[in-house]
Amino acid sequence: MTPHRLTMTMIGCVLGSQVAWADPMTEEVSALRHDVQQLTTTVQQLTTTVQAQQQRIAQLEQSGAKPSQMASNAPTVAARQPAAASFSSAFNPEIGVVADILGQRSSSSQEGDGNDKLSVREIELVFGHPIDPYSRFDSTITFSDFENPGVEEAYITHWGLPGEIKAKLGRMRPKIGKASAVHGDVLDTVDEPLVVSEYLGKEGLFRTGLELTGFIPAPWTAVTHELTVGTMEGGVGEGGHLFGETRRRPSFYTHLKNFWDISSTTNAELGATYLVGSKDADARYEVNAVGLDATLVHFVTPANKLKWQSEAYLQDRKESFSIANDGTRTNFNKNPWGVYSLVDYRLSPRVGIGGRFDYVQPVDLTPVTKARNADTAWSGYLTLYQSEFSRWRLQFRHTDFAAGGDDNTIMAQGTVAIGVHKHQLQ
Amino acid sequence: MKRLSLIWVAGLFALAAGSRDARAAEKRLNVVATLTTFADLAKTVGGDQVSVSAVAAPQFNPHFIEPKPSDVLRVKRADLFIHAGLDLELWRGPLLDAAGNTSVMSGQPGELDLSRGITLLEVPDHPVSRAEGDIHIYGNPHYWTDPENAKIMAKTIADKFSAVDPAHAQDYQQRLQQFTARLDQKMTEWRSELAPFRGQELVGYHNEWPYLMRFAGLRMDKFLEPKPGIPPTPKQVEFIERYVTEHKIRGIAQATYYPQRAAHAIGQHTGAKIVLLCQSVGEVPEALDYMAMVDYNVRQLLGALRTEAAP
């Protein structure tokens with residue numbers, strides 16, 4: 001190698017290495033800049049922490065309390081300040097609003113609720129807060145296009161009773177089956193299953209009463225057993241035919257829930273319900289009913305959930321007919337029964353589909369001649385989850401009526417929630 | 001017949017007394033944690049003196065858990081309930097209400113909020129609303145992904161165990177020291193491996209990695225979710241794809257429970273690698289315990305960072 005070529009090679013190496021160094025230096029500067037940004041953020045947070053602690057010290061000095069008295073509940077980091085900034089608001093109830101807006105097109109000529117129009121089916125104003133360490137109060141006030149404002153729920157939950165029993169007292173959705181026990185915005189479909197709407201009420205059942213719930217001790221852990229017993233004022237929900245309209249004679253119910261953890265992705269629940277009540281104000285209990293519910297949930301992936309749920313009710317009615325004051329005779333089915341079966345599949349975080357089959361024998365046999373034994377319906381639906389707090393659903397339902405005739409209904413539902421909105425675990 | 005009945009009754013009493021004695025001898029602190037990561041830390045610190053279980057299965061998004069009746073029963077019988085605090089587990093309130101165990105409710109001796117003592121990131125400095133998505137009002141709650149915070153959490157757990165069960169306080173503190181020493185050693189290794197990549201940027205699916213990014217010296221400011229909790233929209237996916245290309249970003253980080261379709265599409269078009277990270281112990285088979293989970297996350301990050309930058 002000549003001296004000239006050697007010199008050129010060395011210059012090339014130096015330049016090349018400088019080019020090679022350029023990238024790490026840029027990265028180093030970038031990293032340092034990033035570190036400075038992080039330090040700035042940390043200093044800002046620490047400043048907020050100091051301010052918060054100074055605020056607390058001032059409050060403690062004002063109240064005369066010793067710091068140790070407050071320690072257990074003291075916010076320890078600046079992060080808590082947004083919530084802790086207003087201590088007085090900590091005792092305000094949790095407030096939420098749930099709106100259920102429904103558009104419905106039906107081939108039926110009947111003037112049913114919401115037929116062929118867009119309506120606010122229900123606005124729920126939800127309040128709730130612990131009363132003290134042993135109890136909590138929850139209430140739901142409803143507004144609707146179809147009825148006057150009313151109290152759907154207002155009940156106290158009391159914990160810590162002997163035998164690990166939990167008590168609920170007030171107006172509530174009693175733990176009967178699956179669909180009736182949940183709020184409308186938790187349902188997988190736009191409407192209640194037919195067996196629920198025809199026997200218990202079109203929005204399910206909510207009555208004033210007392211309910212006790214406890215777990216049944218068992219030596220095994222694979223299955224959990226929960227027993228609920230309760231009594232409630234007489235009557236059923238709007239449009240229901242299980243019991244009579246009188247509220248004077250209380251009804252009684254019990255529900256046994258058996259829950260299997262089959263695996264971390266699959267679980268099954270089998271429940272049984274027994275109800276007894278009266279069809280009128282006399283002292284007799286003429287109506288007994290048993291219900292069975294079964295639910296299977298399987299997560300195909302964490303984002304894809306498959307749910308199959310079925311529920312059936314069988315009544316035993318000690319009446320075959322009644323004669324009204326005007327002499328009109330009404331015949332009753334002594335052992336009507338009904339069932340629904342629903343499959344729901346969450347295709348993705350945004351989209352879900354499902355279908356439901358309904359079969360329900362009417363309680364009232366008038367007119368005597370029926371086209372078929374029961375009302376039957378097939379429904380299919382598509383749900384779009386816009387976010388955790390808003391959901392859109394399109395549902396088609398075809399119904400064949402026992403009295404003859406059929407109906408095709410298309411329902412479009414929008415459900416939104418604002419504020420704090422918690423649902424009880426089912 | 002009468003004699004037979006007496007034998008039966010005596011037998012039942014003996015059985016009951018025997019099982020009671022056995023229970024007393026085996027009495028361990030019954031701990032229920034909301035997440036498997038917390039359960040693992042509790043097990044590490046508590047050893048054989050505690051019985052630990054977790055509510056949320058690790059393969060699910062901790063924000064959206066549906067507690068089951070069996071979870072309710074376990075919380076009902078828990079001596080100690082460990083949770084993330086803040087607004088991570090929105091299902092925690094209904095779970096506690098259903099369980100009705102007054103000794104583990106908020107502010108009671110049996111409650112342990114692990115966010116205490118943690119310096120939180122991304123604390124909102126303005127009034128927040130849902131228009132910003134499913135935003136966390138107290139700050140980002142995924143603090144346990146930074147092993148520095150794990151030391152604070154383990155100490156919080158050890159102190160609580162010591163207070164609730166003073167007879168074994170020395171054991172708890174000893175295990176804490178062992179854990180901290182091992183973690184310090186591992187953190188030095190992890191930092192050393194990550195050092196060459198300080199300041200580099202990744203994109204994420206959901207904003208749940210700021211603490212891990214801080215520990216790793218990396219940046220993550222853009223996400224597939226247009227706003228927290230809102231699934232990726234076509235427009236946002238297009239934006240992220242462009243961003244990844246322009247900034248030569250090497251990895252798209254997301255937890256295993258999010259759909260990977262959007263990240264795959266971006267990866268195919270840009271060459272960026274999908275970085276599947278763990279939020280919870282047990283989320284992948286390799287993440288057997290806390291140390292293994294962080295190690296897995298570091299390996300995943302390094303796997304993407306060591307690839308060639310996107311063209």
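Helices and strands here are DSSP runs, numbered from the N terminus. On that numbering, K178(A) sits in the loop between β5 and α4 (194-199) of chain A. The model is a predicted one, so everything below is read off computed coordinates.

Start with K178(A), then. Despite being a lysine in a loop, K178(A) counts as buried because its relative accessibility is 14%, and the cut-off for buried is under 20%. Its side chain makes a polar contact with the side chain of E269(A), at 3.2 Å. Leaving aside residues up to four places away in sequence, K178(A) touches E269(A), D293(A), T295(A), Q309(A), E311(A) and Y340(A).

Zooming out to the whole of chain A, the secondary structure adds up to four helices and 18 strands. Of its 426 residues, 43% count as buried. Taking contacts between residues at least 6 apart in sequence, 54% link residues at least 24 apart. The chain exposes about 21900 Å², and carbon and sulfur atoms account for 64% of that.

One of the buried residues is G96(A), placed in strand β1 (residues 94-106) of chain A. G96(A) counts as buried because its relative accessibility comes to 1%. Setting aside residues up to four places away in sequence, it touches two runs of chain A: E124(A), L125(A) and V126(A), along with I418(A), G419(A) and V420(A). As for A181(A), it lies 85 residues from G96(A) in sequence, and the C-alpha atoms of the pair are 19 Å apart in space.

On the surface of chain A there is a nonpolar patch made up of I131(A), F137(A), I156(A), I165(A), L169(A), L210(A), L212(A), I216(A), L227(A) and V229(A), which together have about 730 Å² of accessible area. Three strands of chain A, β5 (165-172), β6 (207-215) and β7 (223-232), each put at least two residues into the patch. I216(A), for its part, belongs to the loop between β6 and β7. With 35% relative accessibility, I216(A) counts as partly exposed, the band between the under 20% of buried and the over 50% of exposed.

Now for the partner chain. Contacts between the two chains involve 44 residues of chain A and 52 residues of chain B. Between them, chain A and chain B bury about 4200 Å², with 58% of it on carbon and sulfur atoms. There is polar chemistry at the interface too: seven residue pairs are in polar contact, both residues being at pLDDT 80 or more, and the rule finds four salt bridges across it. One salt bridge pairs R77(B) with E164(A), whose closest N and O atoms are 3.3 Å apart. On the side of chain A that touches chain B, the elements giving two or more residues are α1 (3-63), α3 (81-84), β4 (150-161), β8 (251-261) and β16 (375-387). The biggest giver is α1(A), with seven residues.

K305(A) also reaches across to chain B. This lysine is in strand β11 (residues 304-317) of chain A, and its side chain is joined to that of E66(B) by a polar contact of 2.9 Å. Not counting residues up to four places away in sequence, K305(A) touches E66(B) as well as V297(A), H298(A), F299(A), D344(A), Y345(A) and R346(A) in its own chain.

Key:
Residues numbered from 1 in each chain as written. Chains lettered and ligands numbered in written order. Predicted model: local features only at pLDDT ≥ 70, side-chain atom pairs only at ≥ 80, totals over all residues. Heavy atoms only, no water. Patch = residues over 30% accessible without salt bridge, like charges linked within 9 Å, V, L, I, M, F, W, Y side chains within 5 Å. Areas by Shrake-Rupley, 256 points an atom, 1.4 Å probe, with all protein chains shown as cover. Salt bridge = Lys/Arg side-chain N within 4 Å of Asp/Glu carboxyl O. Buried < 20%, exposed > 50% of the residue type's maximum accessible area, 1.4 Å probe, protein only. Polar contact = N/O pair within 3.5 Å; in protein donor to acceptor, adjacent residues only side chain to side chain. Contact = heavy atoms within 4.5 Å. Buried area = accessible area lost by both parts, 1.4 Å probe.
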